[in-house]
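Colleague: I should like to discuss this model with you, question by question. Please define each term when it first arises.

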Amino acid sequence: MLAYILKRLFLIIPVLLVVSLLSFMIIQLPPGDFVDAYIRGERGRGRTISSEEEASLRVRFGVNDPFLVQYGRWIAGIVRGDLGVSLALKESVSKIVAERLPLSALISLLSFLLVNLIAIPIGMLSATRQYSVADYFFSILGFLGMGVPQFIFAVVMLWGIYSFTGQASVGATSPEFVGQPMSMAKFLDLISHLWLPALIAAATGTAGTIRIMRANLLDEMEKPYVIVARAKGLPRRKLLYKYPFRMALNPFVVGLAGVFPGLVSGELMVSITLGIPTLAPVLLQALEMQDVETAGSLVFIISTLSVVGILVSDILLAIVDPRIRYE
Amino acid sequence: MDTLAPLLQVQGLKVHFTSKEGTVKAIDGLSFEVYPEEVLGIVGESGCGKSVTALSILNVLSRNARIVDGTILFRRGAEMIDIARLDPDGEAMRAIQGKEIAMIFQEPMTAFSPLHTIGDQIGEMIELHLLGTPSAGGTPPRAAPPPKPGLLNRPAVRRWVDDQTSAILGKVGMPNPKEILHAYPHNLSGGMRQRAMIAMGLSCNPRILIADEPTTALDVTLQAQVLRLMKQMQADYHMAIIFITHDLGVIAEMADRVVVMYLGRVAETAAVDDLFHQPRHPYTQALIRSVPKTSGPLEKLIPIEGTVPSPMDMPPGCKFHTRCPQAIPGRCDVREPELIPVAAGHAVACWLYADGGAA
């Protein structure tokens, strides 16, 4: 098992190299480059940029260099732990990540917890009381949750908050904590702001998870081993948790892999709509402006987390399911 | 054996399945008895309701199935308990499940949970039914009396349960029962898994053991081993066995009495020798003819004509009349025959034997 994990960890390196090369290429595929986007933006603000200025910008940002040179420069930085500089925000990507990652991760984790805390018990209820009033109620609610786009949900919430408090955005912290170092008070303030975006982000996931849990459990409850367990005379609640529930959790362990990249890139809609400075909007902007190094670095982080997430869920799966053994 | 009071009496049992296409009458007026310490064979084609009968007796039918009529009387001491009236998940039913009536399932691979050890799955049954019951002695007597249950006594309980479990695993011929305790189902071979299944069925000294096609998933050599084991276990544990199979050869080998089922009803019931030597029902006769013989001159096998009618669209009258070579028009296709006694312990549901056998 340990040898297997080490092998998998080692395999991450070539995977990331390939992924980074491909993503770096794809980011540059659209016509134009960062300087074009920059000039467009300046022109929008009424400033004209001379062709000499444009040429010097191209040299400064290195956008005229061949693709491989640009990639080599960037990946050499990555290896040294330098994520490059965001041309759009005129700040080092490392600093942006350090500022925004905790927020992104916090929202993602909160919404992940909410999804599972709400969805798993409801899914169990729906499955054990199939076709009851409660089952129909939560099924309808679930389909609504899946059907309503996240940003609509966010806008409606925002409108609700505005009509109650007069504030037009949620933000991440109260004004007095902006720029302050992390403290217990700031952390609590953060949570009190972030539960709302987390809830909105959780809505879609909750709806889906309820359906998955219900279907898994309904499937498992008719399996022969469950009939056998009933024929043993086990108390039904104990039986439910010990056998079909355990089995129905396996797909969730697999799904855990998706949580890792979501820590960085998740909750884009909510962040934009509610004005929360997370990483996802930065990534979007970097892609729009062809800020290659910023986008590349963020995609690199997301890929790393994806690969690690898959590894972690594989290891967990081997722990919960004795049939799975890695050699 | 008929002088003894029956241990289990199924009377007029009807089990219906509801599905989108309509109602399926899987069991439609089934009656039979099980006497103490006998092996009752239930034989019939697939789909005739054998397994549903077993699941009904244990009250573990699936959600879309329902006992709509009839009684399943189980004798415990002086009282007769009607299982058909018990809440399937209630305490009274759970006290019978596994303890008084246990079952061996057809497919030992899917009948064990893949996520739990064999020791856990057998042990939990022993812990549930035998812990804290002074009468756990039973036959054969247990080596050590059970410890008092309770959180503080947990290690002692665990040890006792493990001891009991490995003892029963040893009893069914597992080579190293102590190791099997920690094995998962997928670690065992098919024959081993079926032995573990039998051990689980026996673990609480049930008075009735239901075996639903216990050898169907095994190859022929293993079949013989498992059958021999079950016979020996029956002798040691003095229990009644309801042996369900489609295989007449296995019935001839195992059963004392036989119930032949066709589409949810009893076609014929008799002692095993009477059934094979003097089959009365045209269906039983046809079944026996359709089995290849290993001795005597080579004969052409005679299959039963026609196909089993769709359960959604049952024929009126005797359900076998559509395939019966001796069907009497105007009679067999109009009214369903009841069981008619034709000899001591031999009854047949066929119009040929009505009115003193005026065929």
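Colleague: Which residues form one aromatic cluster with A:Phe24?
Modeller: In this predicted model, the relevant contacts are aromatic pairs (rings of Phe, Tyr and Trp, its six-membered ring, with centres within 6.5 Å; planes under 30 degrees apart are stacked, over 60 edge-to-face, the rest tilted). Over all chains, 15 such pairs are found. The cluster that contains A:Phe24 is completed by A:Phe67, A:Tyr71, A:Trp74 and A:Phe300.

Colleague: Which pLDDT is required before side-chain atom pairs count?
Modeller: Residues are numbered from 1 along each chain as its sequence is written, while chains are lettered from A and ligands numbered from 1 in the order in which they are written. Side-chain values use heavy atoms, without hydrogens and water; totals for chains, interfaces and linings use all residues, local features need pLDDT of at least 70, and side-chain atom pairs count only at pLDDT 80 or more.

Colleague: How many residues apart in sequence are the parts tied together by the pair A:Phe24 and A:Tyr71?
Modeller: The two rings form an edge-to-face pair, 5.4 Å centre to centre, with 70 degrees between the planes. Both A:Phe24 and A:Tyr71 are buried (under 20% relative accessible area; over 50% is exposed, and in between is partly exposed; 1.4 Å probe, protein chains only). A:Phe24 lies in helix α1 (residues 2-28) of chain A and A:Tyr71 in helix α4 (residues 67-79) of chain A, so the parts they tie together are separated in sequence by 47 residues.

Colleague: How many helices and strands does chain A have?
Modeller: The C-alpha atoms of chain A fill a box of roughly 85 × 60 × 40 Å along the principal axes, and 47% of its 327 residues count as buried. Helices (H or I, at least four residues) and strands (E, at least two) are DSSP runs, numbered from the N terminus. On that basis chain A comes to 14 helices and two strands.

Colleague: Which residues of the largest nonpolar core touch the most other members?
Modeller: A nonpolar core is a set of buried Ala, Val, Leu, Ile, Met, Phe, Trp, Tyr and Cys residues joined through side-chain atoms within 4.5 Å. In soluble globular proteins, nonpolar side chains tend to be buried together. Here the largest core has 107 residues, and the members that touch the most others are B:Ile210 and B:Met230.

Colleague: How many residues are in the second, separate core?
Modeller: Beyond its neighbours within four places in sequence, B:Ile210 of the largest core is in contact (heavy atoms within 4.5 Å) with residues including B:Ala54, B:Ile101, B:Met103 and B:Ile244. Among the members of the second core are A:Tyr71, A:Val97, A:Val282 and A:Phe300. The size of that separate core is 24 residues.

Colleague: Which residue of chain A forms a salt bridge with B:Asp120?
Modeller: Salt bridges (a side-chain nitrogen of Lys or Arg within 4 Å of a carboxyl oxygen of Asp or Glu) number 32 over all chains. For B:Asp120, the closest N and O atoms of the bridge are 2.7 Å apart. B:Asp120 lies in helix α4 (residues 118-130) of chain B and its partner in helix α10 (residues 236-255) of chain A, so the pair joins two chains. B:Asp120 is partly exposed at 22%, whereas its buried partner, at 16%, is A:Lys242.

Colleague: Is A:Arg58, which meets A:Glu54 in a salt bridge, buried or exposed?
Modeller: The N to O distance of this bridge is 3.1 Å. Both residues lie in helix α3 (residues 51-61) of chain A, four residues apart, about one turn of the helix. A:Glu54 is partly exposed, at 24%. With a relative accessibility of 13%, A:Arg58 counts as buried.

Colleague: Which residues are linked with B:Arg265 in a network of salt bridges?
Modeller: B:Arg265 is bridged to B:Glu336, with closest N and O atoms 3.3 Å apart. B:Glu336 is in the loop between α11 (282-289) and β11 (340-343) of chain B and B:Arg265 in strand β10 (residues 265-271) of chain B, so the pair ties together parts 71 residues apart in sequence. The network links B:Arg265 with B:Asp28, B:Lys319, B:Glu336 and B:Glu338.

Colleague: Which strands stand at the edges of the open sheet β2-β1-β4-β5 of chain B?
Modeller: Strands pair if DSSP finds at least two bridges between them, and in this four-strand sheet the pairing is antiparallel. Strands β1 (residues 8-19) and β4 (residues 65-76) of chain B pair over eight bridges. An edge strand has a single partner, so one side of it is left without a neighbour in the sheet; in chain B these strands are β2 (22-34) and β5 (79-82).
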